[in-house]
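Student: I would like to go through this structure with you, moving from one region to the next. Could we start once it is on the screen?

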Amino acid sequence: MSKRNAIFITGANGCVGRAMMHGFVSAGAKVFAGTRAGNSADTEMISYVRMGTLPDLNDLTSVLGETDTVVHCAGLAHIKAGEDEELLDRFREVNVNGTVKLLRQAAASGVRRFIFISSIGVNGEQTHGVPFRPGDMPAPQAAYAISKFEAEQEILALSSKLNIEVVIIRPPIIVGAPPVGNIKTIANWISKGFPIPFGQLTENRRSYVKLDTLFSLVKTCAYHPSAPGNIFLVSEQNPVSTCGLVEQVADLVDLRARMLPLPILFLRAILLAMGKTKLLNQLTGDLEVDCSLTEKVLGWTASRNPKEN
């Protein structure tokens with residue numbers, strides 16, 4: 001199999017990385033699956049690679065030398081709360097420094113293209129009538145989003161110096177199996193039959209992306225000649241309300257969500273009393289993305305889902 005059809009995927013044991021791995025294998029690519037331990041059994045199309053941790057990355061040059069494209073999904077997303085400055089330092093160590101180390105190894109090994117899975121949080125946490133676009137002034141607020149933005153800046157600046165093509169993708173909340181983060185929490189509530197108190201949250205608009213849609217874009221970015229040097233946003237065609245997003249998660253676990261029509265004013269009062277202002281904004285506010293640049297540059301569109309409302 002030619003190097004042109006060989007893909008190195010980091011974080012291959014995570015939700016996103018695993019979807020990328022199986023997607024590329026189904027498309028006929030040879031996959032080098034990077035994980036921290038690299039101790040899974042190889043198959044004809046998948047070779048597992050022990051990466052170590054991103055801050056202390058192993059020497060991957062021999063494997064990267066057989067690779068055409070790196071899809072960088074690994075990173076630090078969820079850690080226990082601490083001091084803001086301490087949190088940011090920990091995110092930077094992994095998401096910025098680790099990403100730069102990987103890019104340098106990839107470039108030194110002759111990798112052609114480096115696809116970085118970033119976050120829509122780089123744009124900000126909420127929209128107000130105008131969807132986010134790639135060219136907007138970045139406004140990351142959480143430590144995770146700040147680290148993703150800084151990693152973007154570093155690898156874009158190094159791209160021409162190191163002679164490696166860089167593509168950046170900023171997904172919104174990802175819905176897929178196995179669920180992670182907030183989606184995992186909702187899925188657990190649904191699985192246990194707990195009533196979900198978001199039945200009245202039907203008017204806000206939240207963009208989201210499913211794993212197969214994200215893979216479709218990543219695959220396009222791996223081979224399209226116009227992809228390098230761009231920042232692409234991705235989402236399903238139509239945003240959904242918070243209530244609609246819960247229904248998408250229920251479909252994921254093949255169960256029916258028990259929606260509790262708790263009045264929004266009551267929900268707002270409870271969350272504010274708990275000091276959960278950020279969560280309140282996430283539940284009741286909008287976060288929409290405009291994928292028109294993605295469509296224009298790549299000729300790519302997300303498949304329409306009839307259940308979107």
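**Ser159 and its surroundings**

Tutor: Ser159 is located in helix H4. Please keep in mind that this is a predicted model.

Student: Is Ser159 buried or exposed?

Tutor: Ser159 is buried, because its relative accessible area is 16%, and buried means under 20%.

Student: Which residues is Ser159 in contact with, leaving aside neighbours within four places in sequence?

Tutor: With those neighbours set aside, the contacts of Ser159 are Ile164, Glu165 and Val166.

Student: And how far apart are Ser159 and Arg113 in space?

Tutor: Their C-alpha atoms are 9.6 Å apart, while 46 residues separate Ser159 and Arg113 in sequence.

Student: What about the loop after H4, where Asn163 is placed?

Tutor: That loop runs between helix H4 (143–162) and strand S6 (165–170). Asn163 has a positive phi, near 60 degrees, and is a residue other than glycine. Most residues other than glycine have a negative phi.

Student: Is Asn163 buried or exposed?

Tutor: Asn163 counts as exposed, because its relative accessibility is 69%.

Student: Let us turn to the interior. How many residues does the largest nonpolar core have?

Tutor: The largest nonpolar core has 34 residues, and Phe8, Leu60, Val70 and Phe114 have the most contacts inside it. At least two residues of this core come from each of strand S1 (6–10), helix H2 (61–64), helix H3 (84–108), strand S5 (113–117), H4 and S6. H3 gives the largest share, 10 residues.

Student: What does Phe114 touch, beyond its neighbours within four places in sequence?

Tutor: Phe114 is in contact with Val70, His72, Thr99, Leu102, Leu103, Ala106, Ile155, Ile164, Glu165, Val166 and Val167. Another core, of 33 residues, lies apart from the one just described and includes Ala33, Val71, Ile169 and Leu214.

Student: Leu214 is in H6, I believe. Which residues of H6 are buried?

Tutor: The buried residues of H6 are Leu211, Thr213, Leu214, Phe215, Leu217, Val218, Cys221 and Ala222. Helix H6 (residues 211–223) has 13 residues, and the 19 Å from its first C-alpha to its last is close to the 18 Å expected at 1.5 Å a residue.

Student: Now H7. Why is H7 described as largely enclosed by the rest of the structure?

Tutor: H7 is largely enclosed because 8 of its 11 residues are buried. Those buried in H7 are Thr242, Cys243, Gly244, Leu245, Val246, Gln248, Val249 and Ala250.

Student: What covers the buried residues of H7?

Tutor: The cover includes strand S7 (173–175), helix H5 (181–191), strand S8 (195–196), strand S9 (208–210), S11 and helix H9 (277–284).

Student: And which residue with a positive phi follows H7?

Tutor: Asp254 follows H7, with a positive phi near 60 degrees. Asp254 lies in the loop between helix H7 (242–252) and strand S11 (258–259). Asp254 is exposed, because its relative accessible area is 67%.

Student: One last topic, the pockets. What is the volume of the second largest pocket?

Tutor: The second largest pocket has a volume of about 180 Å³. It is lined by 14 residues, of which Ser235, Glu236, Gln237, Val289 and Cys291 are the closest to its centre.

Student: How does that lining divide into nonpolar, polar and charged residues?

Tutor: The lining of the second largest pocket has 6 nonpolar, 3 polar and 5 charged residues.

Key: Residues are numbered from 1 along each chain as its sequence is written. This is a predicted model: local features need pLDDT of at least 70, side-chain atom pairs count only at pLDDT 80 or more; totals for chains, interfaces and linings use all residues. Side-chain values use heavy atoms; hydrogens and water are left out. Helices (H or I, at least four residues) and strands (E, at least two) are DSSP runs, numbered from the N terminus. Buried means under 20% relative accessible area, exposed over 50%, partly exposed in between (1.4 Å probe, protein chains only). The expected span of a helix is 1.5 Å times one less than its number of residues. On a 1 Å grid over the protein atoms alone, a cavity is a set of points where a 1.4 Å probe fits but cannot get out, and a pocket is an open set with protein on both sides within 12 Å along at least five of seven lines; lining residues have an atom within 4 Å of a point. Grid points are joined across faces, edges and corners, and a volume is the space filled by probe spheres set on the points. Ala, Val, Leu, Ile, Met, Phe, Trp, Tyr, Cys and Pro count as nonpolar, Asp, Glu, Lys and Arg as charged, and the others, Gly among them, as polar. A nonpolar core is a set of buried Ala, Val, Leu, Ile, Met, Phe, Trp, Tyr and Cys residues joined through side-chain atoms within 4.5 Å. Contact means heavy atoms within 4.5 Å.
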